[in-house]
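Trainee: I've got a model open and I'd like to talk through its pockets. Can you walk me through them?

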Amino acid sequence: MTEPITDQLGSGELLDSGQRKLEWARQHMPIMAALREDFAAEQPFAGERIGMAMHVEAKTAILTELLAIGGAEVAITGCNPLSTHDDVSVALDAIDGVTSYARRGVDDDEYYEAIEAVIAHEPTITIDDGGDLVFAIHEDYPELIDGIIGGCEETTTGVHRLRAMDADGALEYPMFAVNDTPMKRLFDNIHGTGESSLSNIAMTTNLSWAGKTVVVAGFGHCGKGVARKASGQNGDVVVTEVEPRRALEAHMEGYDVKPMAEAAAEGNVFITTTGNRDVIRGEHFEAMDDGVLLANAGHFDVEIDLDALSDLAVDTYETRDGVQAYELADGRRLNVLAQGRLVNLASPISMGHPVEVMDQSFGVQAVGARELVENGEAYEPGVHDLPDELDREVAEIKLAAEGVEFDDLTETQAEYMDSWQHGT
Ligand code: NAI
């Protein structure tokens, strides 16, 4: 059984460095600060055990700390073998009421053993990013389901997975689709993924965007952000899509839209954001230029078909920290970042989304968890939208913290908006 991280790595310098990262994040997360005050006073999670599988970096630590301050006993592990910051994990483990099992660079067995260690705490609430924790509970520990009030899911791929479970009648407790709220998706997926993916690729490679042809696969929320930021950095953006309205939207936004088979021959940098698999595959690698960069920003490491690339390669080596070169028989080198895992979270120097963005996403997570303890019995097993007033609550906290004032509807306006009698 996996030991808590401090038993594996000790504390010392890691603790100090982790605590400094937490303090920096804490200073820039006003929503977490406001909720911390409320939760400390109200203790909404007293007696609850919260199990989490998330990217264990500084912002996640502030959410975890908040839940513990609100009275929960929290056990946490990573949701990706490469995204954990060990120092943050150690600092988390030192917080009262928190046990962290997350460690960077674990293999598949260790990854799932750490999830089992979290499950051994018998959570009453689960918070997931990608669905691995919920899935493991349903698959291997169904006897715990009766004791679980519900859970929250952070990302698009996790929500897809849950909806598929729900459609099969296999999801046995209520889950909030935190990803689908405006306060999460319109900021985190679009701006967060755009900013953090591009900055990580630039820092990892020390290369410029200017003059590059940047192929963005998928023009969903993440793809829109990546395309917009790449364009803002003077890259020429090409979009690939499989959904006609999204393709049209990209076209109307002024991007070049074409099939990957054509884009492959033109791109200098490829960024996948589809939540799908084999988006860049053998036939595409065959067409690519020497020196291209291949990065994935979607949840799982299946968007770039690395098995096919390995089959084509005559040699492979780490050409730079976080960059693996695959050399083809004719000498072309195709460079894969972060082993094809989330480039903004799994690169050696990556830090995930900007702090301010995660303050919003985690604000939604926190009020979602609070809703489960307050009104959990109102939700049947299945995937649920978070009540809109909770999302608005988080937006209002943020606007107040930013000193932004906005209008209220007048009574006449509110009545007008609700009426159907007024016509021409
Ligand atoms: P979305 O559903 O809004 O967009 C995905 C788009 O990809 C859709 O327009 C879809 O038509 C398109 N697509 C699917 N298969 C394709 C293919 N073969 N070729 C081209 N386009 C294809 O989803 P969203 O919110 O943009 O999320 C995308 C992925 O990114 C998910 O896996 C999600 O979990 C992950 N994600 C990653 C984040 C990060 O920090 N890197 C943050 C948030 C989400």
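Mentor: Sure, let's take the pockets one at a time, keeping in mind that this is a predicted model.

Trainee: How much space lies in the largest pocket?
Mentor: Start with its walls: 46 residues line the largest pocket. Cys222, Thr273, Thr274, Gly275 and Gly298 are the ones nearest its centre. The space inside comes to about 880 Å³.

Trainee: Which helix gives the most to that lining of the largest pocket?
Mentor: Several helices supply at least two residues each: H4 (58-69), H8 (156-167), H9 (182-205), H10 (221-232), H15 (343-346) and H16 (355-375). The top contributor to the lining of the largest pocket puts in five residues, and that is H9.

Trainee: Which domains does the lining of the largest pocket draw at least three residues from?
Mentor: By class, that lining has 14 nonpolar, 22 polar and ten charged residues. As for where they sit, at least three come from each of domain 1 (5-184 + 353-402) and domain 2 (192-346).

Trainee: What volume does the second largest pocket have?
Mentor: Helix H14 (306-312), strand E13 (323-328) and strand E14 (333-337) each bring at least two residues to its lining. The volume of the second largest pocket is about 360 Å³.

Trainee: Which residues are closest to the centre of the second largest pocket?
Mentor: Its lining has eleven nonpolar, four polar and seven charged residues. Out of the 22 residues in that lining, the closest to the centre are Leu306, Tyr326, Val336, Ala338 and Gln339.

Key: Residues are numbered from 1 along each chain as its sequence is written. This is a predicted model: local features need pLDDT of at least 70, side-chain atom pairs count only at pLDDT 80 or more; totals for chains, interfaces and linings use all residues. Side-chain values use heavy atoms; hydrogens and water are left out. On a 1 Å grid over the protein atoms alone, a cavity is a set of points where a 1.4 Å probe fits but cannot get out, and a pocket is an open set with protein on both sides within 12 Å along at least five of seven lines; lining residues have an atom within 4 Å of a point. Grid points are joined across faces, edges and corners, and a volume is the space filled by probe spheres set on the points. Helices (H or I, at least four residues) and strands (E, at least two) are DSSP runs, numbered from the N terminus. Ala, Val, Leu, Ile, Met, Phe, Trp, Tyr, Cys and Pro count as nonpolar, Asp, Glu, Lys and Arg as charged, and the others, Gly among them, as polar. Domain bounds come from an automatic or database domain assignment.
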